[in-house]
Amino acid sequence: MRNRLQAAIVAGLFSTLPLAAQEKQDVVLWYDKPAGNWLEALPVGNGHLGAMVFGGVEEEELQLNDDTFWAGSPHNNDMPQARERLDEVRELIFKGENKRAQEIADSCFFSGKNGMSYLTLGSLVMDFSYELDGLAGYRRELDISRAVSTTSYEAGGINYTRTVFASLADDVIVLHMRADRPGAINATLTYRSPLKDNRVSTAPGRDSRSAYLIQACQGPDQENVPGKVVAETVTRVSCDGRVQAGPSSVTVSGAGELTLVIAAGTNFVSWNDISGSGFAKAVTALKAVEGKTVEQLLADHESIYREQFDRVRFTLPLGENSSLVTSERVRLFNEGRDPSFASLLFQYGRYLLISSSQPGTQPANLQGIWNRQPNAPWDSKYTININAEMNYWPAEVTNLGETHRPLFSLVRDLSSSGARTASTMYGARGWTAHHNTDIWRVAGPVDYAAAGMWPSGGAWLSQHIWQHYLYTGDRQFLADNYDILRGAALFFLDFLAEDPRNGYLVVAPSMSPEQGPVTAGCTMDNQLVHDVFANMAEASRILGLDQALRDSVEAASAKLPPMKIGRYGQLQEWLEDVDDPSNKHRHVSHLYGLYPGNQISPYHTPSLFGAARTSLLQRGDEATGWSIGWKINLWARLLDGDHAFTIIRNMIKLIPASEGFFTRSDGKLYPNLFDAHPPFQIDGNFGYTAGVAEMLLQSHDGAVHLLPALPGAWPEGRVSGLVARGGFELAMDWSGGSLDRVSVLSRNGGLLRLRSYVPLKGKGLKKAKGACPNPLFAPADITDSAAGTSEVPPLRPVYEYDVVTLPGQVYKFERK
């Protein structure tokens, strides 16, 4: 209720805006023909269950997923031999014999267990029997403001409508079909699955108007890990006609209305417990909604969904292409006649996050919650050298803090499984994880050394705990999760090794993600460990804990290698100056310190800022879909909105679904707006949404920066509900490319520092002096590079103001 009230306050702040700024949000994806394949189907989900809706006429297909249905069973992939060879590998690295070090790592650090696959439940299929002559008026759509998919058409002079939603209230998927002529719906329903161990059965309902369609699937073995997860899907079929249950299908005849309620579950209880019953979970969910009408189910779902989605509104002007079919809007976006599509894609990212990550569910994986294949690309696991983290970049800033909780739960689990890995493989305290994990929370390295010898996955994941604290100021949350920050710091205190060549404490063996070779002291590792130590030290100071450990952490932090500027004016990716300016690799790991970190600042470390910009220019503007999502954020942090928009233009290019899942293409969006690596990876969608937010609002560098990277392509617009660190919720409108008004809801009170490109006026506003005293805005304690030279771009002058705020109060300011 508190969040809803706050959203209503902020959303209503600009009720007197000009009409152009009050245009209806662009929130509907629509198409004029059924989906020809999975990459044209439309996603619905509630965090636990997901469905891809094809919207067929002769056949409807709902491809189904359960977030706990994975291959394998509880296990670990730790290699004790690693501890025996660790010192030898380090010595070889320090002698420059990296190839030999990598060979030993490959043979002694990797178990061959590379994580399990996220699976599909298969599909619920409806075959219809009716007269198709005169098919007309076809439309299928996804209204992301309601989280409802609708398919409508006329066939044989009869109008049919199908509505599908995944209820956030009741943990079921609902399909409701209606015809405007009684008795016109005739269909046969069954399941279709690519899994070998798949059994379909039926059960009668209470009367001749209902029945149950049941499917049981056994997860497969993988990499010698036995498959022990059993998934059960139970669909209740009811109508106002007749329902007949056969051995493996249900037939509906003579109905004017048809309702399917789909529930599913597995025997998964936790990462180390599979003693549950999927059938019992499904039946419990169905019993809980008995007696509810479709209207009640939909109303309850929409109430919960809209409480989250409606917190943020983002409006850009409609263009002449804004009314086109969605796939055409993508294809024609770069003509420049559809500015509001950028806001639709922004909100689509929020929709996908709400739909794939809710309290109590698994975190969004590499494909969110939607997967059609028994062997998904990269197993659709959690790739934690950026991709899983990118999924959650929009969570706090776009006012969806509760969607972040599943990731916190994953980190909590890994702090347990990863403690075993730290001890077994490295003889270290604390906990670690490498570059991939799965539902079983494996924490050892996977794949091979040149891609997977990276013990810093836990370091990156732990940043999300600290960032949530910075956005909320929630001391209880910090206290409850302090052991995670502490464990991450303990691991690196033990794991860091002194490099005899320079005296630095370095992470070794390691590598710059997916850009071997195995080496020591990569820039990203140094940045991550700096943050691990700084966050733990500050948290211990806030909570009054661990003075001795804090002293040790701060002493070790002082011995980490500094960021360096290389011979090309670039930020070095490695300790050695070996960057290739023609390298176009998708990973730009050494720029973590620019985003999502805050170690590189235009105001505090201008030389490093210029070097980071040079590195990004050298990498180029093209990349895989998720990497483009990262680059939008990086250019926003470089305060270059026009360049960020260039990257957006590179993302919004259509890749036809007919080109296939793995086809390389210039396009980065499929017709259903899923982001293309290719293949589909959802992190690009989330990276885009976070990047747009970063263009509109930043709060990582000592102040809340208003419209820091607004592109010329968005000369007017409005946004409300974005959240800054410190617990401040903002609404802004702008015209002529400049801020007109800003309104701030202070959730927690405290000092607010505003940074603006235009002078502001308003009650209580005072010119800022000195460093910002609010620690939630504090920039990183980093010394700018004194060695090497970089090209530092000119910065726009800014105005900075302070205002002391009270909890729950709204503060309004406008351009002078």
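Start by selecting His301: with a relative accessible area of 1%, this residue is buried. Keep in mind as you go that you are looking at a predicted model. His301 sits in helix α5, which covers residues 294–309. Now show what surrounds the side chain. Leaving out residues up to four places away in sequence, His301 touches Arg146, Ala147, Phe165, Ala166, Ser167, Leu168 and Ala169. Why does His301 count as buried? Its 1% relative accessible area is under the 20% cut-off, so the label fits.

**Zoom out to the whole chain**

Switch to a cartoon view of everything. The protein chain has 19 helices and 33 strands. Turn the C-alpha trace along its principal axes and you'll find a span of about 80 × 65 × 50 Å. How does the radius of gyration compare with that of a compact globule? For 816 residues, such a globule would come in near 28 Å, and the protein chain has 27 Å, which agrees.

Try colouring by burial next. Of the 816 residues in the protein chain, 64% are buried. On the outside, about 27200 Å² is exposed, with carbon and sulfur atoms supplying 49% of that area. If you draw contacts between residues at least 6 apart in sequence, 69% of them join residues at least 24 apart.

Colour by charge while you're here. There are 75 positive and 90 negative charges, and their mean positions lie 4 Å apart.

**Cysteines**

Select Cys217, then Cys522. Cys217 is buried at 0% relative accessibility, and Cys522 is buried too, with a relative accessible area of 0%. Looking for disulfides? A search of the whole structure finds zero.

**Next stop: Gly241**

Gly241 is in the loop between β13 (230–239) and β14 (242–245). Is this loop residue buried or exposed? At 14% relative accessibility, Gly241 counts as buried, because the cut-off for that is under 20%. Show its contacts, again skipping residues up to four places away in sequence: Gly241 touches Ser208, Arg209, Ser253, Gly254 and Ala255.

Then add Glu573 to the selection and draw a line from C-alpha to C-alpha. Gly241 and Glu573 are 67 Å apart in space, with their positions 332 residues apart in sequence.

**Two cis peptide bonds**

Where should you look for cis peptide bonds? One joins Tyr595 and Pro596, with omega at about 10°. Pro596 is in the loop between α15 (547–557) and α16 (606–619). Move along to Pro678 and Pro679, which are also joined by a cis peptide bond, with omega at about 10°. Pro679 belongs to the loop between α18 (641–651) and α19 (683–696).

**Two positive phi angles**

Now pick Asn224, in the loop between β12 (210–218) and β13. Asn224 isn't a glycine, yet its phi is positive, at about 65°. Asn224 is also exposed, with a relative accessible area of 80%.

Finish at Leu707, in the loop between β25 (704–706) and β26 (717–724). What is phi here? It is near 45°, a positive value in a residue other than glycine. Leu707 is buried, with a relative accessible area of 5%. Put Asn224 and Leu707 on screen together to round off the tour: Asn224 is exposed, whereas Leu707 is buried.

Terms used. Residues are numbered from 1 along each chain as its sequence is written. This is a predicted model: local features need pLDDT of at least 70, side-chain atom pairs count only at pLDDT 80 or more; totals for chains, interfaces and linings use all residues. Side-chain values use heavy atoms; hydrogens and water are left out. Helices (H or I, at least four residues) and strands (E, at least two) are DSSP runs, numbered from the N terminus. Buried means under 20% relative accessible area, exposed over 50%, partly exposed in between (1.4 Å probe, protein chains only). Contact means heavy atoms within 4.5 Å. The radius of gyration is taken over C-alpha atoms; the globule rule is 2.2 Å times the number of residues to the power 0.38. Accessible areas come from the Shrake-Rupley method with a 1.4 Å probe; for residues, only the protein chains shown count as cover. Lys and Arg count as positive and Asp and Glu as negative; His and the chain ends are not counted. The place of a charge is taken as NZ of Lys, CZ of Arg, CG of Asp or CD of Glu. A disulfide is a pair of cysteine sulfur atoms within 2.5 Å.
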